[in-house]
Amino acid sequence: MLNILILCPIVAAILALLGAPARPAALLASLINLVVALLALFQYDKTGPAFQFVSEFGILPEWRLTYLVGADGLSLLMLLLTAIVTFAAVWVTPAVARLEKQFYACLLFISAGAMGAFASVDLFFFYAFHELALIPTFLLIGIWGSGDRQSAAWKITIYLALGSFILLLGLIGLYQSVPVAARTFDIRALQELAAAGKIHPASANGVYLLLLIGFGILISLFPFHTWAPKAYASAPTPAAMLHAGVLKKFGLYGLLRVALPLLPDAARHWTHLLIILLIGNIIYIGLVTISQKRLDMMLGYSSVMHMGYIFLGIASLNTLGLNGAALLMFAHGLSIAALFAIAGQVGRRTETLAFEDLGGLAKPMPFLGFAFGLAAFASIGLPGFANFASEILVFFGAFQSHVAGSPFFGFRLATVLALWGVVISAVYMLRAYKAVFMGELPGRWSALPDLKFSLRLPIVLLLATLLFAGFCPRVFLAFLAPSVKAASFRETLS
Amino acid sequence: MIKDYLPILIQAVVAIGFAASALVVSIILGKAGKRNPTKDTAYECGMLPEGNAQPRFSVKFYQVAMLFILFDIEIVFMYPWAVVFREFVRAHHPVIFWSMLSFVSILTVGYVYAIKKGALDWKK
Amino acid sequence: MMPAIYLEAIVLTLGVLLVLMEAFSNSEEKTPVAWLGIVGLTFVFILTFFTANDLSASPYSAFYHADFRAIFFKRFALLTTIVVLVLSIEYRGVVQKYVFGSRPQAGLGEFYALPVFTCAGLMWMASAVDFIMIFVSLELVTISFYILVAYMRRNAGSLEAGVKYLILSALSTGFFVYGITWIYGVTGQTSLEKIGAILLGLKVSHGPLLFGFMLVLTGLGFKIACAPFQIWVPDVYQGAPTPVTAFLSVGSKAAGFIVLMRVAEVFLPVPWINHKAVTILVALAALSLLYGNLAAMPQHNLKRLMAYSSIAHAGYILIAVACIGSRYANIAVSFYLAGYLLMTLLTFLVMAAVANQAGGDDIVHFNGLGKRSPYLAFAMLAAMASLAGIPLTVGFFGKFLIFYVAYEKGQFLLMGIGVLTVAAGFYYYFKVVRAMYWKEPADDTPVRTSPLTGATIAALAFCIFFLGVYPAPVIRALEGPPSDNPRLLAR
């Protein structure tokens with residue numbers, strides 16, 4: 001089942017490259033994936049073992065390296081996110097002027113890589129699948145990007161390459177920090193080893209730091225974030241949706257799946273560092289976001305800023321905070337994808353995204369204005385959207401984490417500062433809304449067409465999922481609880 | 001150990017001694033005639049010492065010289081082979097015979113190739 | 001099961017046969033020589049699978065080993081030579097232009113036959129465990145390269161390359177032999193096995209032995225093209241005919257590395273050498289990584305870029321050599337080289353095809369290749385991705401193994417430099433990708449390749465992905481099946 005999720009986009013991409021009609025192939029593949037992901041979600045047995053739909057193929061038995069896919073609640077949620085965002089991204093893709101086959105193939109490869117990374121239970125393939133996206137991203141931004149695409153493409157490629165090789169060192173270190181006889185790439189087995197205390201404590205701190213920096217670069221953690229806004233601003237809309245919505249979640253997923261459950265003590269050891277950095281994400285990047293003068297740059301920075309909340313949930317290391325972080329990953333992925341999709345549509349019509357040129361667009365394009373408003377509210381974290389539910393969990397978790405016994409009062413401070421971050425995001429989102437959709441409409445744009453009905457569907461899909469998850473977060477949290485418990489099991493022990 | 005190197009030392013002494021004594025003897029016995037430009041020129045196989053610094057030789061010179069060296073050097077291998085041949089065959093195996101035969105046959109191939117390519121044909 | 005030594009004999013006979021065939025045939029067309037070479041070498045390649053793996057009882061075992069690694073590198077040499085011959089056929093137009101003789105294809109026959117002799121030398125070197133044997137096979141390789149590098153004798157670049165290669169290679173050989181004499185002077189042995197026993201056992205004088213080892217290391221440093229012995233590399237790579245450049249960068253480097261491994265495995269376990277030798281190897285690796293990667297970044301000519309990249313890859317492999325003693329150091333080196341073979345030869349094949357049409361091998365000539373011939377561009381993309389080290393390609397698995405052994409041995413400095421230089425590598429390899437896909441082509445005509453070249457390109461690209469996902473075949477070839485290997489079961 002999970003193999004279908006991974007193989008379907010790859011097969012479609014190859015067929016498209018070989019000459020099949022590209023757009024229908026991509027749409028069909030992403031539709032199949034969406035259906036399969038939903039099916040998997042419904043078939044998942046919450047009372048059964050954590051990882052289900054497991055299938056494996058031995059690669060190097062003596063290294064215990066296997067192609068091993070399986071899914072628990074957390075990965076299923078991520079797979080669903082990938083499927084929804086891919087579907088939406090492919091759907092909203094406008095006509096591609098040149099190298100159409102390659103464009104869709106790149107999108108599908110990114111999707112396949114994300115699917116593979118989220119479905120892998122083997123460290124090696126977990127890592128390798130994520131990197132499948134590297135070349136397509138480079139090509140997507142370089143060939144079909146806008147603005148300063150060249151330097152953006154170089155920057156994201158080299159930055160992510162550096163990050164992923166640091167991550168590789170961390171993973172190698174993790175593999176080698178268990179006794180020789182027990183070494184394995186199987187995450188399940190590693191979790192058992194960690195529970196039995198078999199992971200060498202001496203190297204744990206160093207390994208965790210490598211993982212944190214490696215994943216951190218991929219997530220755009222505060223001092224390593226500079227690649228993200230520019231790349232998202234220059235990338236073609238579907239690429240920005242996939243990258244900001246899905247791929248960036250890979251690093252967070254990795255922290256939740258690998259770093260925290262396997263190295264809980266080291267995670268605690270580096271908590272303070274993480275808190276300082278994530279405050280940088282929320283406050284510093286938040287202020288930077290306010291000062292942006294273009295819609296796409298603002299969205300890029302806002303996606304960097306919101307990573308801070310997810311980090312806060314992860315840093316809290318308790319069930320509440322981790323649940324919140326996991327749900328927020330899902331919610332943020334949907335909301336930022338919707339925002340980029342709308343911004344892309346606006347940009348196509350007006351051919352500029354600078355705030356000073358825009359204004360009053362809600363009049364000719366009521367649907368886009370309404371949808372942008374909803375997505376912006378979701379992004380700020382207004383009640384009713386999934387973002388609200390998860391951010392509340394994150395804040396409660398983080399605040400509680402202090403009570404759990406640390407003398408350092410950083411968590412409280414961080415929570416309070418992060419709450420101010422919500423205000424900051426309200427400021428920039430509303431300002432952007434006002435600058436783009438309210439105010440005086442320049443005459444040349446009075447006849448701009450609103451979104452075609454068929455193109456409204458993907459955006460509605462994204463927003464509806466957000467609302468559904470906002471009103472019934474329990475449905476999703478039920479999936480998350482077991483896997484998140486595994487991540488914070490040490491807390492209950494100590 | 002160091003005694004084994006005595007012959008080398010002796011050879012070195014003899015070599016240096018010979019060169020030195022040749023110089024010394026020529027100074028002592030040679031008639032110190034009057035120097036003139038002709039006398040000071042380098043004497044080399046009767047060739048004129050003046051002319052272009054990089055005269056053009058026919059590439060045939062090198063070809064023949066290289067072939068000569070190639071086939072000449074091989075004799076060096078045959079000499080020790082011939083010396084140990086009888087004992088080796090008695091002690092081990094006639095493999096030593098076949099190995100030399102294969103060596104010579106490779107040489108023959110090279111020779112045939114050289115002829116076929118016209119390396120020994122001076123006029124070509 | 002036949003003894004491995006027959007393989008070399010067959011290859012040599014094949015070479016002699018090719019030369020004679022060329023000399024005696026009156027045909028103008030010389031391509032059949034290459035075809036016969038390809039077919040013959042493929043036959044030998046198949047034979048390697050029916051070769052006895054151990055020669056413990058053989059009379060040659062003092063100077064000739066046929067372990068898994070030796071057989072592996074024999075296959076490596078054969079495969080390289082086959083691809084080089086394919087490449088030579090593709091490239092024959094250029095060679096013809098610079099070697100005019102009495103007949104249009106005069107001189108091409110030897111261009112096809114000489115690589116076969118080089119191949120025999122490489123195969124021999126894979127098995128050589130005695131300094132004399134190593135030296136003789138090294139010379140067989142080097143001398144045929146002297147001719148090949150300067151083959152296009154009316155081309156100033158090729159001649160310059162030839163002279164540089166001749167002088168520096170002869171110098172390095174001098175270092176190598178001088179080192180051997182010092183080691184022989186101390187131990188009284190040329191067989192590596194016996195030298196190892198003496199080093200571990202009796203008291204030997206440290207200074208002279210270390211001096212000898214360093215000289216050998218210097219000599220090998222030239223062969224594997226690591227800094228600071230890299231000065232010859234860029235000019236020679238750029239000047240030599242493309243097939244020869246490919247052969248040099250793969251074959252010559254692999255030969256250097258297998259000898260380095262054999263020598264290092266004898267010297268590094270000795271406690272008083274280990275520390276110093278590892279320090280030197282670390283320094284060499286760090287220098288090569290930094291120099292190769294940084295100097296590659298501003299290059300405009302793809303052949304020159306590949307020269308610097310070859311220095312950089314020597315640096316990566318040296319990381320693993322410095323980690324000898326780790327269980328997987330040997331696998332890491334060999335696997336990396338196998339991956340390097342695939343991706344480098346693929347690059348040169350595509351380069352030759354493009355250069356034939358565009359008339360040059362600068363990166364500019366690749367502009368818009370993605371539009372002109374998507375298949376070639378995709379193959380090149382695979383090669384570049386693998387060279388840069390993107391997962392699910394063979395190049396990544398090689399780098400993974402390298403970092404794996406480095407972590408195991410605690411070489412954190414090298415790991416740091418390695419990660420930084422990998423990021424630098426992304427820049428210059430992706431420059432080619434950028435040219436192929438971002439830029440507009442100068443003309444839209446597709447690049448034509450012969451069916452043979454096309455098939456070889458497809459096979460190499462397939463192997464890059466296949467071995468990147470499923471590396472087991474290579475590791476089996478190096479280690480034997482898991483049941484044969486008590487070491488692995490013991491884990």
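**Exercise 1. Compare the length of helix α3 of chain A with the span expected at 1.5 Å a residue, and state how far the helix is covered.**

Solution. The model is predicted. Step one: helix α3 of chain A covers residues 73–92, which is 20 residues. Step two: the expected span is 1.5 Å times one less than the number of residues. For α3(A) this comes to 28 Å. Step three: the end C-alpha atoms of α3(A) are 29 Å apart, which agrees with the expected span. Step four: on burial, 20 of the 20 residues of α3(A) are buried, so that the helix counts as mostly covered under the cut-off of 20 or more other C-beta atoms within 10 Å.

**Exercise 2. Describe how strands β1 and β2 of chain A are joined, and find the residue with positive phi in the turn.**

Solution. Step one: β1(A) runs over residues 52–60 and β2(A) over residues 65–71. The two strands pair in the antiparallel sense, over six bridges. Step two: A:Leu60 stands opposite A:Leu65 of β2(A). Step three: four residues lie between the strands of this hairpin, and A:Arg64 in the turn has a positive phi of about 55 degrees.

**Exercise 3. Where in chain A do A:Phe53 and A:Glu351 lie, and is each buried, partly exposed or exposed?**

Solution. Step one: A:Phe53 is placed in strand β1 of chain A. Its phi is positive, about 55 degrees, although the residue is not a glycine. Step two: A:Phe53 has 18 other C-beta atoms within 10 Å and is therefore partly exposed. Step three: A:Glu351 lies in the loop between α15 (319–350) and α16 (366–380) of chain A. A:Glu351 is likewise a residue other than glycine, with a positive phi near 60 degrees. Step four: A:Glu351 counts as exposed because it has 9 C-beta neighbours inside 10 Å, and the cut-off for exposed is 12 or fewer.

**Exercise 4. Which chains touch, and which elements of chain C supply the side that touches chain A?**

Solution. Step one: two pairs of chains touch, and the pair with the most contacts is A and C. Chains A and B share no contact; their closest C-alpha atoms lie 45 Å apart. Step two: between A and C, 30 residues of chain C are in contact with 30 residues of chain A. Step three: on the chain C side, at least two residues each come from α14 (369–372), α15 (374–388), α16 (394–408), α17 (412–437) and α19 (472–479). The most come from α17(C), with ten residues. Step four: sorted by class, this side of chain C has 25 nonpolar, one polar and four charged residues. Step five: the contact of chain C with chain B takes five residues from chain C and four residues from chain B. There the chain C side has five nonpolar, no polar and no charged residues.

**Exercise 5. Describe the length, bend and burial of α17(C).**

Solution. Step one: α17(C) has 26 residues and reaches 37 Å from its first C-alpha to its last, close to the 38 Å expected at 1.5 Å a residue. Step two: a kink of about 30 degrees is centred on C:Phe430. Step three: 21 of the 26 residues of α17(C) are buried, and the helix is mostly covered.

**Exercise 6. Place C:Lys164 and C:Pro228 in chain C, and list the contacts of C:Lys164 beyond four places in sequence.**

Solution. Step one: C:Lys164 belongs to helix α6 (residues 156–187) of chain C. With 19 C-beta neighbours inside 10 Å, C:Lys164 is partly exposed. Step two: leaving aside neighbours within four places in sequence, C:Lys164 is in contact with C:Trp232, C:Asp235 and C:Val236. Step three: C:Pro228 lies in the loop between α8 (206–224) and α9 (233–239) of chain C. The peptide bond joining C:Ala227 and C:Pro228 is cis, with omega about 0 degrees.

**Exercise 7. Where does pLDDT fall below 50 in chain A, and where is it under 50 in chain C?**

Solution. Step one: chain A averages a pLDDT of 85, and 96% of its residues score at least 70. Over residues 490–494 of chain A the pLDDT is below 50. Step two: chain C averages 87. Its pLDDT stays under 50 over residues 484–491, a stretch with seven contacts beyond four places in sequence. Step three: among the elements of chain C, helix α20 (residues 486–489) has the lowest mean pLDDT, 41, and helix α12 (residues 302–322) the highest, 93. Step four: for the complex, the predictor gives an ipTM of 0.88 and a pTM of 0.88.

Conventions:
Residues numbered from 1 in each chain as written. Chains lettered and ligands numbered in written order. Predicted model: local features only at pLDDT ≥ 70, side-chain atom pairs only at ≥ 80, totals over all residues. Nonpolar A, V, L, I, M, F, W, Y, C, P; charged D, E, K, R; others polar. Bend = angle between axes of the 7 residues up to and from the residue. pLDDT = per-residue confidence, 0-100. Pairing = 2+ DSSP bridges.
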